[in-house]
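Please work through the following exercises on charged side chains and strand pairing. Each task is followed by a solution in steps.

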Amino acid sequence: MGAGVGSAVGNAGETVGPGGGAPLRLRLLGRLALSRGGEEVALPASRKVRALLGYLAMAGAPVPRSRLCELLWDVPNDPRGELRWSLSKLRGLVDAPGCRRVEATGDTVRLDLSGCAVDAAEVAAALEGGAAMPGLDGARALAARFAGDFLEGLELERCPALSAWLAAERRRFRDLRAALLARLAAEAAGAEAQAHLAAWLALEPFELRAHR
């Protein structure tokens, strides 16, 4: 899944919502967290709603309802009814007056995160989008975005399709983080280089390049 999330940056470096509204930030690298205007938004207890938020945030395109049902529901009595309930919870998290981000059109669902900051999407765009590699300061900033594994701690039983997607995304972002740490360990100096090297070894304890 590609990350199709754009962001608009205001004068103070903050991401600005549509119409100049409160900025919305979504953290996927680590435990899922959502904030609006700098204030953390309480997430629902439902792991499936949280997983739905993470999946749609990374999709970057409309997703068929059948795909979402396959990902999140192990043949319940009414998978589409469960999806509608989850989407209603999602709207309560991300929609705002005059700004509807959950777009359910026909048989597809899309999460419009234009003007929002999504850490995983920004990291992927910087390192996989074909742009020039960031300088040392840019690499530091990207490495700092990682607060843990992708959607850390979010596991669902009897959802093999979701588990496969999570495993692939976690492997993808671990590889990106390892490449950043390897570069910083090689190019930074002194104690900073040692700290990046220690983080790299913690992430990849059997990586021979790190031991050398």
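**Exercise 1.** Determine which side chain meets that of D107 in a salt bridge, and classify both residues by exposure.

*Solution.* Step 1: a salt bridge requires a side-chain nitrogen of Lys or Arg within 4 Å of a carboxyl oxygen of Asp or Glu. The side chain of R80 meets that of D107 at 2.8 Å, N to O.
Step 2: D107 lies in the loop between β5 and β6, whereas R80 belongs to helix α3 (residues 79–94), 27 residues apart, so the pair links distant parts of the chain. Helices (H or I, at least four residues) and strands (E, at least two) are DSSP runs, numbered from the N terminus.
Step 3: buried means under 20% relative accessible area, exposed over 50%, and partly exposed in between (1.4 Å probe, protein chains only). D107, at 40%, is partly exposed, and R80, at 34%, is also partly exposed.

The model is predicted: local features need pLDDT of at least 70, side-chain atom pairs count only at pLDDT 80 or more, and totals for chains, interfaces and linings use all residues. Residues are numbered from 1 along each chain as its sequence is written, and side-chain values use heavy atoms, leaving out hydrogens and water.

**Exercise 2.** Identify the network that contains E103 and R110.

*Solution.* Step 1: the side chains of E103 and R110 form a salt bridge at 3.0 Å, N to O.
Step 2: E103 is partly exposed at 29%, and R110 is partly exposed at 28%.
Step 3: salt bridges with shared partners join E103, R110 and D112 into one network.
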